[in-house]
Amino acid sequence: MLYRKRIIPEECVFLKDDVLLYRDNDVIITKWDTLHPKKTLSHGYSCYFIERGFKVSKFYDHDDRLISWYCDIIQTEHSEKDGVDTYVFTDLLADVIVYPNGEVRVVDLDELADAQRDGKIRPDELQAALRHLDRLLTIIYKGAFDTLQKFVNQAEEKDRSPA
């Protein structure tokens, strides 16, 4: 069972319609449709890098064209009860968008600062968010983002292949 927990706005949503494509101790890969209809964003694939503290998603529009790669900085809680694994992925607000043309944007740092100011995020969560963001940006700026993209691309290729 997968849950997305947000700090702003405060919510925890069961991702009941996400399709699990792959899981091991390091990564979880899913395909999904948007929870709420959006003008451009329709569906995508995501890879949760559990220990690294980020999720890399491939966003598609309604015509199945790539919009961008969207990277969320996350914190993962895992529990197991009666043979059921439950993952809660808390969005730590800072995000990185990588566009098809290679442009990179870091977004929502203002939300991270506001959450800290308003006591909605603990100091250890803020520190984790900044460290995970730094780790992700280092990978991107070194030209090694493809090492993360390959997880999604391989799962997507397998998913889209005729059985």
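A crossing of two helices is called left-handed if the near helix is turned anticlockwise from the far one by less than a right angle. In this predicted model, the crossing of helix 1 and helix 2 is left-handed.

## The helix pair

Helix 1 spans residues 109-117 and helix 2 spans residues 123-141, and their axes come within 11 Å and cross at roughly 160°. Helix 1 is therefore roughly antiparallel to helix 2, because angles over 145 degrees are counted in that class. On the side of helix 1 the contact is made by L109, L112 and Q116, while helix 2 contributes L126, A129, L130 and L133. Sorted by residue type, the contact of helix 1 with helix 2 divides into 6 nonpolar residues and 1 polar residue, with no charged residue taking part.

Helix 2 also holds H132, a residue that is buried, with a relative accessible area of 14%. When neighbours within four places in sequence are left aside, H132 is in contact with R52, G53, F54, I73 and I74. Of these partners, F54 lies within strand 6 (54-61), and I73 and I74 lie within strand 7 (66-81). The C-alpha atoms of H132 and I28 are separated by 17 Å, and the two residues stand 104 residues apart along the chain.

## Strand 1 and the loop after it

R4 lies in strand 1 and counts as partly exposed, at 23% relative accessibility. Once neighbours within four places in sequence are set aside, the residues in contact with R4 are E11, C12, V13, L15, L35 and F89. Among these, E11, C12 and V13 belong to strand 2 (11-14), whereas F89 falls within strand 8 (84-98). Although R4 and Y87 are 83 residues apart along the chain, their C-alpha atoms are separated by 8.6 Å.

The loop between strand 1 (2-6) and strand 2 (11-14) contains P9, and a cis peptide bond joins I8 to P9, with omega at about -10°.

## Loop residues

Two aspartates outside helices and strands have a positive phi in a residue other than glycine: for D64 the angle is near 65°, and for D82 the angle is near 55°. D64 is placed in the loop between strand 6 and strand 7, and D82 in the loop between strand 7 and strand 8. A further loop residue, E51, is found between strand 5 (41-49) and strand 6. E51 and K39 are 12 residues apart in sequence, yet the distance between them in space is 33 Å, taken from C-alpha to C-alpha.

The accessibility of these three loop residues is set out below.

| Residue | Relative accessible area | Class |
|---|---|---|
| D64 | 34% | partly exposed |
| D82 | 72% | exposed |
| E51 | 64% | exposed |

D64 is classed as partly exposed because its value of 34% lies between the limits of 20% and 50%, and D82, at 72%, is exposed because the limit for that class is over 50%.

## Cysteines

How many disulfides does the model contain? The count comes to 0 disulfides, where a pair of cysteine sulfur atoms would have to lie within 2.5 Å to qualify. C71 is in no disulfide, and the nearest cysteine sulfur, which belongs to C47, is 11 Å away. C71 is therefore left unpaired because that distance of 11 Å is not within the limit of 2.5 Å. C71 is buried, with a relative accessible area of 0%, whereas C12 is partly exposed, with a relative accessible area of 48%. C12 is also one of the residues in contact with R4, and C71 falls within strand 7 (66-81).

Conventions. Residues are numbered from 1 along each chain as its sequence is written. This is a predicted model: local features need pLDDT of at least 70, side-chain atom pairs count only at pLDDT 80 or more; totals for chains, interfaces and linings use all residues. Side-chain values use heavy atoms; hydrogens and water are left out. Buried means under 20% relative accessible area, exposed over 50%, partly exposed in between (1.4 Å probe, protein chains only). Axes are lines fitted to C-alpha atoms, for helices over the stretch in contact, and angles run from 0 to 180 degrees between N-to-C directions. Helices (H or I, at least four residues) and strands (E, at least two) are DSSP runs, numbered from the N terminus. Angles under 35 degrees count as roughly parallel, over 145 as roughly antiparallel, 65 to 115 as roughly perpendicular and the rest as oblique. Contact means heavy atoms within 4.5 Å. Ala, Val, Leu, Ile, Met, Phe, Trp, Tyr, Cys and Pro count as nonpolar, Asp, Glu, Lys and Arg as charged, and the others, Gly among them, as polar.
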